[in-house]
Amino acid sequence: MRISVSKIIKAPINKIFMTVASIENYSKAIPDIVHFEILSDIKSGAGTRFQETRSLKGRETTNVLEVTEYKENQHIRILSETPGTLWDSIYTFEEEDGVVLVT
């Protein structure tokens with residue numbers, strides 16, 4: 001199954017990109033994330049592995065994620081596998097006339 005969501009944000013593209021690309025920033029932007037830990041020596045970009053714990057409907061779940069593609073201010077791809085599901089999240093960033101389309 002494929003799901004696509006887009007949002008237009010009025011902010012500098014580098015700030016929006018780094019909110020998604022940096023787990024420290026991402027964890028602050030997603031209120032369900034209650035804990036994270038970077039597992040790799042690489043702290044940013046392709047090859048970064050991290051573990052996040054989210055609280056959903058009173059239950060906590062922990063998953064390991066890996067950044068597999070990273071092109072600054074253009075796109076980032078994050079993979080995670082849970083029992084029975086491969087999560088393949090691709091975020092793209094397009095700037096036009098002072099606004100950024102995030103998909």
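Contact is taken here to mean heavy atoms within 4.5 Å. The structure is a predicted model, in which local features need pLDDT of at least 70 and side-chain atom pairs count only at pLDDT 80 or more, while totals for chains, interfaces and linings use all residues. Residues are numbered from 1 along each chain as its sequence is written, and side-chain values use heavy atoms, with hydrogens and water left out.

Helices (H or I, at least four residues) and strands (E, at least two) are DSSP runs, numbered from the N terminus; two strands pair if DSSP finds at least two bridges between them. On this basis seven strands make up an open sheet with antiparallel pairing, in the order S1-S7-S6-S5-S4-S3-S2. The edges are held by strand S1 (7-9) and strand S2 (33-38); each has a single partner strand, so one side of each is left without a neighbour in the sheet. From one strand to the next the twist averages 25°, where axes are lines fitted to C-alpha atoms, for helices over the stretch in contact, and angles run from 0 to 180 degrees between N-to-C directions.

At one edge, S1 pairs with strand S7 (residues 99-102) in the antiparallel sense through three bridges. Lys7 stands opposite Val102 of S7, and Ile9 stands opposite Val100. Helix H1 (residues 13-21) packs on the sheet and touches S1, strand S4 (59-71), strand S5 (75-82), strand S6 (85-96) and S7, its direction making about 170° with that of S6.

Three hairpins connect strands later in the chain. S4 and S5 run antiparallel and are joined by six bridges, with His75 of S5 as the bridge partner of Lys71. Three residues lie between these two strands, and Asn73 in the turn has a positive phi of about 65°. S5 and S6, also antiparallel, are joined by eight bridges; Leu86 in S6 is the bridge partner of Glu81. Their hairpin has two residues between the strands, and Gly84 in the turn has a positive phi of about 90°. S6 and S7 pair in the antiparallel sense over four bridges, with Val100 in S7 as the bridge partner of Glu95. Two residues separate the strands of this hairpin, in which Asp97 takes a positive phi near 55°.

In a regular strand the side chains alternate between the two faces of the sheet. The terms used for burial are buried (under 20% relative accessible area), exposed (over 50%) and partly exposed (in between), with a 1.4 Å probe and protein chains only. Along S5, Ile76, Ile78, Ser80 and Thr82 point to one face and are buried, whereas His75, Arg77, Leu79 and Glu81 point to the other and are not. S7 likewise alternates: Val100 and Val102 are buried on one face, while Val99 and Leu101 point to the other and are not buried.

Individual residues complete the picture. Thr53 lies in strand S3 (residues 49-56) and is buried, with a relative accessible area of 8%. Leaving aside neighbours within four places in sequence, Thr53 is in contact with Asp32, Ile33, Val34, His35, Glu60, Thr61 and Thr62. Lys28, by contrast, belongs to helix H2 (residues 23-29) and is exposed, with a relative accessible area of 69%. The C-alpha atoms of Lys28 and Asp88, 60 residues apart along the chain, are separated by 21 Å. Ile3, in the segment before S1, is also exposed, at a relative accessible area of 67%.
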